[in-house]
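Visitor: I'd like to go through this one with you and ask where the labels come from. Could you put it up on the screen?

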Amino acid sequence: MGGIVLNTVCSTLLKPLNRPNRLVVASLSLVMVLVLLLGGSTPVNALDSSFLGLQELRDYRTAVGLLKAEDYRLARTQYRKFLRKYPESDRRPGAYFGLAETHYLTDRYDSAAVNYLRSLRSGSLAAKYVKPALKRGLHAVLESGRTDLTPGYVEAVQRESAVVDEEIDRRYVRVLRASGRTEEALKKARDWYRDQPESPFWRYQMGVLSASVKEHDRAVELFEPLTKGDTEYRDRARFNLAEALYEQGKYDRAAEYYRSVRDDAGFGSRAKYGLAWVFIKKRNMNRARKLLRDVAENGRTDRANAARDLARI
């Protein structure tokens, strides 16, 4: 009877498996036959365990295959099924990573951020996936605004410090800044800026963070070199320099830099709004109203603030 059950199970398993797995099952079958011939009873628990192990492996490989084939919808479904079916599996960290990939590669940053973090938290994620999980997870936090996940990523970055490189730290500092953890971000940025004083990225981050802690003189010093030339930081540095000068009460210089920000730049509307406040401070209400009306009607940002201020002056 045991031999019949064994042959039935093995023939069922052999059909969908590739050659290496067929050899594994065939070897298992031979061992079981020898046990029966020697007068032993069929070790049903061992057989069940082997069957489940092969089924789990097959389900996992199916999900991986769908991900590699860029069938993200089906891969997502398969990973979810795997996670529900095998709650104690050692492959769960990899499954969470794969599930996160299906979201990240389709711009579903909210779910990607959640599942990358789960992959880092839920056990021993394979070493080759730790760095991409941190890198893409932090980027997903920035894109989705899920700063509520920041504490989990802080723990992960600290735990996996051996693999953290500059690219990860760039995203990490931005996540800390977006989460209001300014002092932590400033400490990390200061370390990198000390090693790379010519880096526009770290100079800009240091400027923004210095302004955040009311060190406006330091912010001005950091932003000024970035306002020259045709660099990716030029317009944002000009805007932030204008903001720092405004906070210092240097309204004429602030106005000069607000005006220098291109209209098509991401900071264009904010620069017009800032310039309007320069005119308010200088009691030139007509010019202030004109700018506020323009921002309220056409601005990409600050439209509500401009409308509110326009009604007040």
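Visitor: What percentage of the 313 residues of the chain count as buried?

Guide: Keep in mind that this is a predicted model. In it, 42% of the 313 residues count as buried. The chain has 17 helices and zero strands, and its accessible surface is about 17,100 Å², with 49% of that belonging to carbon and sulfur atoms.

Visitor: Let's pick a pair of helices. What makes H6 oblique to H8?

Guide: The axes of H6 (residues 109–121) and H8 (residues 150–159) come within 10 Å and cross at roughly 45°. Angles under 35 degrees would be roughly parallel, and 65 to 115 roughly perpendicular, so H6 counts as oblique to H8. The crossing of H6 with H8 is left-handed.

Visitor: Which residues meet there, and how do they divide into nonpolar, polar and charged?

Guide: From H6 come Ala113, Tyr116, Leu117, Leu120 and Arg121, and they meet Gly152, Tyr153, Ala156 and Arg159 of H8. That contact divides into six nonpolar, one polar and two charged residues.

Visitor: Why is Leu120 called buried?

Guide: Buried takes a relative accessible area under 20%. Leu120 has 5%, so the label buried fits. Leu120 lies in H6, and beyond its neighbours within four places in sequence, Leu120 is in contact with Leu125, Val130, Ala133, Leu134, Tyr153, Ala156 and Arg159. For Val130, 10 residues from Leu120 along the chain, the C-alpha separation is 7.1 Å.

Visitor: And in H8, which residues are buried, and what covers them?

Guide: Thr150, Gly152, Tyr153, Val154, Ala156 and Val157 are the buried ones. Their cover includes H6, H7 (127–144) and H9 (166–178).

Visitor: Now the loops. Why is Glu70 called exposed, while Asp302 counts as partly exposed?

Guide: Exposed means over 50%, and partly exposed runs from there down to 20%. Glu70 has a relative accessible area of 56%, so Glu70 is exposed. Asp302 has 21%, so Asp302 is partly exposed. Glu70 is in the loop between H3 (44–68) and H4 (72–85), and Asp302 is in the loop between H16 (285–298) and H17 (303–312).

Visitor: What is phi near in Glu70 and in Asp302?

Guide: Phi is near 65° in Glu70, a positive value in a residue other than glycine. For Asp302, phi is near 60°, again positive in a non-glycine residue. As background, most residues other than glycine have a negative phi.

Conventions:
Residues are numbered from 1 along each chain as its sequence is written. This is a predicted model: local features need pLDDT of at least 70, side-chain atom pairs count only at pLDDT 80 or more; totals for chains, interfaces and linings use all residues. Side-chain values use heavy atoms; hydrogens and water are left out. Helices (H or I, at least four residues) and strands (E, at least two) are DSSP runs, numbered from the N terminus. Buried means under 20% relative accessible area, exposed over 50%, partly exposed in between (1.4 Å probe, protein chains only). Accessible areas come from the Shrake-Rupley method with a 1.4 Å probe; for residues, only the protein chains shown count as cover. Axes are lines fitted to C-alpha atoms, for helices over the stretch in contact, and angles run from 0 to 180 degrees between N-to-C directions. Angles under 35 degrees count as roughly parallel, over 145 as roughly antiparallel, 65 to 115 as roughly perpendicular and the rest as oblique. A crossing is left-handed if the near helix is turned anticlockwise from the far one by less than a right angle, and right-handed if clockwise. Contact means heavy atoms within 4.5 Å. Ala, Val, Leu, Ile, Met, Phe, Trp, Tyr, Cys and Pro count as nonpolar, Asp, Glu, Lys and Arg as charged, and the others, Gly among them, as polar.
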